[in-house]
Amino acid sequence: MGSLTIKKVFSQLLITFVLFMSNLVSLPEAAFSSNSSKEATALLTWKNSLPNESQSHLSSWTTSVSSSNLNQIRNPCKNWLGISCNFAESVIRINLTNSSLQGMLHEFSFWSFPNLVYVDLSMNALFGTIPPQISYLSKLKYLELSFNKFSGKIPPEIGLLTNLEVLHLACNKLNGSIPKEIGCLSFLTDLALFKNHLDGSIPSSLSNLSNLVNLFLYENELSGSIPAQMGNLSNLVKLFINTNHLTGPIPPTFGNLKRLTTMYMFGNLLFGHIPTNIGSLKSLEKLSLFGNNLSGLIPTSLGDLENLTLLHLSGNNLFGPIPPELGNLSSINDLQLSENQLHGPFPTSFANLSNLKSLFLRDNDLSGPIPQGIGDLINLVTLQLDTNQFIGHLPKNICHSGLLENFSASNNHLVGRIPKSFKNCTSLVRVHLEGNQFVGDISDDFGVYPNLTFIDLSHNGFYGKISSNWAECHQLQTLLISRNNITGSIPPEIGNWTQLGELDLSSNRIVGMIPKELGRLISLVRLRMNDNQISGDIPLEFGLLTNLEYLDLSTNKLNKSIPSNFGDFMKLNYLNLSHNNFSEGLPLHLLSLFHITKLDISYNSLNGVIPAEISKMESLEILNLSHNNLSGFIPKAFEEMRGLLYIDISYNELQGPIPNCKAFLYDPIRTLQGNKGLCGNVSGLQPCNSYMIHKYSSRKGHKVVFLVPFLGVPLVLLSFFGFFLFMRRRKKDRESKQSKIQDEVFLFESRFDARALYEDIIRVTNGFDAIYCIGKGGHGTVYKANLPSGAIIVVKKFNQPLCASEKRFDKALLNEIRVLTEVRHRNIVKLYGFCSNAQHSFLVCQYLERGSLALILGNEDAAKILDWSKRLNIVKGVAYALSYMHHDCSPPIIHRDISSINILLDSQFQAHVSDFGTAKILKPDSSNWTSFAGTYGYVAPELAYTMKVTEKCDVYSFGVLAIEIIKGKHPGDFISSLLATSAKENTQVKDVWDQRLPFPTLQVENELKTIVKLALECLNVNPQSRPTMHMISQALSTNIAHS
């Protein structure tokens, strides 16, 4: 009975369904047309708002004609690109990913799509803001807008999309904070906001997203601490919050994230200990915490993570021994513990890590021998053990697998010969063995490496000759073997290294001549062959090395003349030919090297005069011509060399006055001694008599004397006529003096009597006599003025007056100067005031005793006085000054020309930011600046294609300056290598350490690491990704103890 009832009911349902379908088929098309027509209109309206090129990519979005009634039908469900509909012909899905679209979403009618569930507009070039009307898509589950150019803030209305499961807004230009309303999206499983410019803290409301599986917030500018509530995200599998400015500890609640497989938190400012319960995350496969300020011991519990394949803890302040338990990580293939304070032995348990491909232990304080078992790791590709205290020999089977590519054991205490397995290790690409006590015949212990690009064997005890077989290393780009006991001559086969960019053979016992084949190394950028016994003349082919930037041939036995084709080295910035036997004069062609900054030709046998053409060396900062046989007068052309900081011409046969150039005033007793007739108003020299001055200023004086008898009476009459004109002009000037006073502009602090100060300046500088000049720049001349009151000030006189009597002075400039006179900060040079009239325009500033930072760093002795403590304080001082200018002045002040030349030091070596000659006042709503300013080598890269100057331009310059202060010289092209992704992670203090100073203590080294890390962030090519100076000053204040 029951069975018959069921059959009857089923039959009735089947009949009902058939009747429904029959009626449905018989309905006209218009039955479902209202929704699709409305949606089609909305889509076409948006299409029409796009540029023509984008519209062409949506050519299928058009109206069609019905075959039955010839009416136009707008139905997006009929083959429109990227559009999908439901059974009722209502749009439920829009997928236009990678469709080459440009334009905005402002004309998109979101309310017209009540059934839309899926939107993917990624990988296009859409721009503008994300409209808040997007909240009308009440059924939306999937929203993908990544890889576009959207800007502005994330609309908080996005939190009304309560059905949303996937929200991807990555790789745009979004800014502002993450809306806390996102925490209302309870169904959300994927949240991707990475690679934007988001700031502020991570909202604690994100902890409400209980279904969240993937959270990607990396490469933004997020700050503050990580909310402990995020430990409640029990379904979280992947967490990427790296490369931000997050601070505080890692929340211990993260030990609750049992499903987590990936935790990336590197590149932040996190501190505190690594929570031990991280070791309970059994699903964890990748853990990266490098580049933070974490301290304490490495938890032994990390050894329990049996699924872990990647562990990065480098670049922190971790101390203590490496836990042997890490040898239990059977799945690990990438283990990096570099740049910490780890000590103790190299765990022998690491020989059990059979899957290990990369092991980084460098820059610690590890000691003892390297376990022999490390050589048996058959998958090892990268092994970096440098800068520790390891002793003993290298493992015998160091390249047993034949896979080793990158090996570094430099700066340890390793001894003995190189293992035989190393000679046949043809897989090698990069090798660092410098700074040990290795011995052995260099030609026998090293083989031919077809893939080798870099090898450094410097500072060891290797002997023997350079093997001609090494010519088979065709990929070699860098060979450094200085400070060994290499003998013999340079083999001509060296010419086969056509990709070689750097060659250092210095401080060996190499003999013979420079082979002409060296001229084939046309890629060579840096060449050091100094401190050997190389003899003969320099071959003509040497002049083919036109890419050279650094050349040191000093302390050899080279002779004859300096080749004139050295003038073809147009990229050269450093040349040292000192301590040789070069003779004859300075080649004129050599003096056309306008990029060169340091030239040392001392201790040779050069003769003749110093050519006036030396002024063509526009970038020259340091010049040493001492201990030669140069004679004659010093050319006045030196006065045109505004960048010259130091010159040594001692022990020559020079005579006459010293040029009016600041370089001659630095340590004159030492740098001018040993000549036969120099004179001038400097310490250690006799004043010049009138005859010498006349002879120096006019080399043609004898011709004037010869002509006088022939001029006779006409000359006397001409003199009277000139005197008459002079008296007439003087009267006219006296009569116009009063009117000119009306055109004068004085703007000084209230404590100054402007008129009296102006007259004092004119008087004490004798109308800006050159004798009071202490420097010249691109905009004017700098004078030192000793006022009658005893105060010392600096006067910066512009080359041209900034206003003339017939023009009204620029009020905007006056307002800018007025703001600058009100700046008060201990690390900023005080601007006392400004004066301008038809004759002069100048600024009056504070005088700093020790001069510019550039001058001190450029001098060997002075740079040593500038110890690590002073240098750390200088970095902090500059950071504080820029933070004040950017964030505490209203409107903000952008300096625009931060460089070591514009950092002045007082008697206590405190830094003061100077030279606001090119600074401007930037109002928050101002337009772009169109005038370029800045010093070469410090200018932000974006100014190569845009003239928009922002605070981030100063931030970039600060990054360059910070590296320069630590390195002791401008980093130059070293910046580009620092910015490589791998270099950012692996940059060591020794890479940027000024070797004129002793290696820093452990505490100072950690502080230097902080500065290097911050500097690298400042050098980011993306201006928006650079930190603000406020962030930098806070980080320095927190992490650097010196004050």
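How many of the residues of the protein count as buried? I looked that up before anything else: of the 1043 residues, 53% count as buried. Note to self: this is a predicted model.

**Overview**

I pulled the secondary structure next and got 18 helices and 62 strands. Then I checked the contacts with a separation of 6 or more, and residues 24 or more positions apart account for 53% of them.

**A four-strand sheet**

I picked one sheet to trace strand by strand. Its four strands come in the order β39-β41-β43-β45, the sheet is open, and the pairing is parallel. Which strands stand at the edges? They are β39 (511-512) and β45, and each has a single partner strand, so one side of each is left without a neighbour in the sheet.

I went through the bridges after that. β41 covers residues 533-536 and β43 covers residues 557-561, and two bridges join them. I noted one partner pair here: S535 is bridged to K557 in β43. On to the next pairing: three bridges join β43 to β45, which spans residues 581-583, and these two run parallel. I found N559 opposite N581 of β45, and S561 has S583 of β45 as its bridge partner.

Reminder for myself on what holds such strands together: strands of a sheet pair through backbone hydrogen bonds, either parallel or antiparallel.

**Helices α13 and α18**

I turned to a helix pair. Two packed helices are described by the angle between their axes and the distance between the axes, so I fetched both values. The axes of α13 (residues 868-888) and α18 (residues 1029-1039) come within 8 Å and cross at roughly 145 degrees. The crossing of α13 past α18 is left-handed.

Which residues of α13 meet α18? I listed V875, K876, A879, Y880, L882, S883, H886 and H887 on the α13 side. On the α18 side I have M1029, H1030, I1032, S1033, L1036 and S1037. Sorted by class, this contact has seven nonpolar, six polar and one charged residues.

**K797**

Last stop was a UniProt annotation. The unreviewed entry lists K797 under "binding site", and I take that as the record's statement. In the model I located K797 in strand β56, residues 792-798. Is K797 buried or exposed? Its relative accessible area is 18%, and the cut-off for buried is under 20%, so K797 counts as buried.

Technical notes:
Residues numbered from 1 in each chain as written. Predicted model: local features only at pLDDT ≥ 70, side-chain atom pairs only at ≥ 80, totals over all residues. Heavy atoms only, no water. Pairing = 2+ DSSP bridges. Axes fitted to C-alpha atoms, helices over the stretch in contact; angles between N-to-C directions. Left-handed = near helix turned anticlockwise from the far one by under 90°. Contact = heavy atoms within 4.5 Å. Nonpolar A, V, L, I, M, F, W, Y, C, P; charged D, E, K, R; others polar. UniProt positions renumbered as here; feature names shortened; annotations may be inferred. Buried < 20%, exposed > 50% of the residue type's maximum accessible area, 1.4 Å probe, protein only.
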